[in-house]
Amino acid sequence: MARKLLERRLADTGQRLKQLRADFQVAEEQFSHFSEEAEDARIRSLVSETPLAGQEHRQANKHAESMRRHLETLSKEIARVENLQNELLDQMAVEK
């Protein structure tokens, strides 16, 4: 692969990795918030024992679970892009 193309792909990969890590950090903060909210709703549900409180708990729990899955997806994508970056760096080292 031409060196210029490798450098361009490496720069693009670096930018993508930077964005993914920023997205992951935001998602972690949101997950923390939703988890706390779900725990509060769970406690309210246990104390009040009303159908509405139970429904609020289930909804809050769904939000937290959805954000957990999003974090997992981001984590896998970060690992994939890091592997790609390592492959590109290996290719550059071989060409030298």
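## Two helices, worked through

The buried residues of α1 pack against α2 (51-95). Here buried means under 20% relative accessible area, exposed over 50% and partly exposed in between (1.4 Å probe, protein chains only); helices are DSSP runs (H or I, at least four residues), numbered from the N terminus. You're looking at a predicted model, where local features need pLDDT of at least 70, side-chain atom pairs count only at pLDDT 80 or more, and totals for chains, interfaces and linings use all residues. Residues are numbered from 1 along each chain as its sequence is written, and side-chain values use heavy atoms, leaving out hydrogens and water.

**Exercise 1.** Work out what span helix α1 should have, and check it against the model.

*Solution.* Start with the rule: the expected span is 1.5 Å times one less than the number of residues. Helix α1 (residues 3-48) has 46 residues, so it should span 68 Å. Now look at its end C-alpha atoms: they are 66 Å apart, which agrees. Try α2 as well: its 45 residues should span 66 Å, and its end C-alpha atoms are 66 Å apart, which agrees.

**Exercise 2.** Describe how α1 and α2 pack.

*Solution.* Two packed helices are described by the angle between their axes and the distance between the axes. Axes are lines fitted to C-alpha atoms, for helices over the stretch in contact, with angles from 0 to 180 degrees between N-to-C directions. For α1 and α2 the angle is about 160° and the axes are 7 Å apart. That makes α1 roughly antiparallel to α2 (the label for angles over 145 degrees).

**Exercise 3.** Is L10 buried or exposed, and which residues does L10 touch?

*Solution.* First, place it: L10 lies in helix α1. Next, L10 has a relative accessible area of 17%, so L10 is buried. Then list its partners: leaving aside residues up to four places away in sequence, L10 touches Q85, L88, L89 and M92 (contact means heavy atoms within 4.5 Å). Two of these partners, L88 and M92, are listed among the buried residues of α2.

**Exercise 4.** Which sign does the phi of E49 have, and where is E49 found?

*Solution.* Most residues other than glycine have a negative phi. E49 has a positive phi of about 55° although it is not a glycine. E49 is found in the loop between α1 and α2. Finally, at 67% relative accessibility, E49 counts as exposed.

Terms used. Parallel < 35°, antiparallel > 145°, perpendicular 65-115°, else oblique.
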